Amino acid sequence: MPKLNPFFRRWLPVVGVVLLAACSNGTPADDTSETAAESEFAAAKDCMNVGILLPESDSSARYEAYDRPLLEQEIKVALPGVTIQYANANNNAATQQNQADAALTKGACILVVDPNDSEQAAVIVQQAKQSGVPVIAYDRLIQDPDLAYYVSFDNKRVGELQGQYIVDQLNAGNFGLQEGANLVMINGSQTDNNALLFREGAVEKLQPLVDSGDLNLVFDQYTPNWDNARAQSLMEGVLTKEENNVQIAYVANDGMANTVIAALRTQDLNGKVLVTGQDATLTGIQNILTGDQAMTIYKPIIEEARATARLVAALSKGEDTDSIVNGTNEVIGGAQIPSVLATPVVVDRTNVEQTVIADGFLSKEEICSGLPSGAGGVCP
Ligand code: BGC
C-alpha cells in the first residue's frame, strides 16, 4: 500500500465506501483523496521547529523530571538540528491554548501536546490544522477527530493493575484485610481522559467484590487538577465521616497518595491502610519502602518519549509511520486515532530493585537517602 498519512488511514473505511459507490455508477474513482490528505499536514514536511506543551508540574514530578528532558533528548536525536519550543501550562487549559498560539506564531510546525483538559485542547488541534500543523497527543488523549497521533501507556490497563492489586491483597488477607473492608477511591482529574480510564480499569476489577459484599465502597470522587492538597482534605473528610474505619485507599497517583498518607498519619493509620499510587516517583517509591504505600505503577517514560520522537521525525521526513504505530484509539464521535501504547508495570516492595532501580529510572542512592537503614529490604 502506498504511504498514507494518518488522516487518510483514519477515514479509509469511509473513503472505501465512497470509492465503491463511485465505481458502481460507472464513473472511475478519482483518486485525489490521498493527495488532499497528504497536504492536510503540509507544514510538517521538513519541519525543524517542534512545540512541546506539558500540562502541569504540581501533582506529578514526572513532567519536569522525565517527560520534558526525555522528549527534548529523543527528538533532538531523531531530528538533529531541530529547534524545540517548550511550555508547561501549570494546570490551566487557557494558558495552554495561549502557549499553543505562541508556539505556532513562532513557527512550530509539529506540536506535541499533553493536554491539561482532554476536551478543551481540541481548540489547539483545530487551530494547528488551519496552519497544516499536526498535533500528537502525548500521554493524555485529545478529543478531536483531526488529532494526528496519540502516544501513551495503556491507561485502562493501569487502572486494572491497581484494582487487581487490591483484589489480590484482599484475597491473601494481607494488611489485615477481611471481607467487608471499607474502600475509598480518590481518582484523578475528570477533565483528564486518563483519569477516566484509570477509574474504569480499577472499577472493572473491584466492582464484583463490591457487589458480593467483600468490599464496601464508602467514597468515590474525582480530584480537580489532580490537586494533592485537595486529595488530602478529601481523605481527612472520609476519615472523620467513617470514624477512621477505612482499610483501603485506591489513590490514582503517587502525588495524591503522598498527601493521603499525610492524612492517615495524623490518625496514626499510615502503614495500616492499603494505599495505591502511580508514576513510581521518588517519594512514591520511598513511601513503599517505609511501608506507608503498598504499590505504584511504573511507566517507563523513555518509551513514550522515544515513540513520540520517532513520529515527529517520520512526519518531518515524510516517512511512513506504520512500523511505529501499534493500534488505534477512538475519540468522541468515533474517529480512530493511530496510536502507540506502551505497557505499564506494577511495583511494590518485592520488585523495586528489579524494575525502577534496574532500569536506572531511580538510583538506589537517591531512594535510600533519608530513609532508615535497611528500609524495605532494599536500602543498605
Ligand atoms: C498521567 C499520570 C499523572 C497524572 C497527573 C495523568 O494523565 O498519566 O502519570 O500522574 O496525569 O499529572
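Q: Is Arg199 buried, exposed or partly exposed?
A: Keep in mind that this is a predicted model. Buried would need under 20% relative accessible area, and exposed would need over 50%. Arg199 comes out at 24% relative accessibility, so it counts as partly exposed.

Q: Which parts of the chain does the pair Arg199 and Asp220 tie together?
A: The side chains of these two residues meet in a salt bridge, 2.6 Å from N to O. They tie together parts that are 21 residues apart in sequence. Arg199 sits in residues 193-212 and Asp220 in residues 215-221, so the parts are helix α8 and strand β7.

Q: Which residues join Arg62 in one network of salt bridges?
A: Start with one pair: Arg62 forms a salt bridge with Asp67, and their closest N and O atoms are 2.8 Å apart. Salt bridges that share partners then build a network around Arg62, and its other members are Asp67, Asp139 and Glu304.

Q: Are Arg62 and Asp67 buried or exposed?
A: The cut-off to use here is under 20% relative accessible area for buried. Arg62 has 3% relative accessibility, and Asp67 has 0%. So both partners count as buried.

Q: What about Asp46, the salt-bridge partner of Lys45: is Asp46 buried or exposed?
A: The side chains of Lys45 and Asp46 meet at 3.4 Å, N to O. Lys45 is partly exposed, with a relative accessible area of 46%. Asp46 has 54% relative accessibility, and the cut-off is over 50%, so Asp46 counts as exposed.

Q: How many salt bridges does the structure hold?
A: We've met a few pairs, including Lys45 with Asp46 and Arg199 with Asp220. For the structure, the number of salt bridges is 18.

How values were computed: Residues numbered from 1 in each chain as written. Predicted model: local features only at pLDDT ≥ 70, side-chain atom pairs only at ≥ 80, totals over all residues. Heavy atoms only, no water. Salt bridge = Lys/Arg side-chain N within 4 Å of Asp/Glu carboxyl O. Buried < 20%, exposed > 50% of the residue type's maximum accessible area, 1.4 Å probe, protein only. Helix = DSSP H or I, 4+ residues; strand = E, 2+ residues; numbered from the N terminus.
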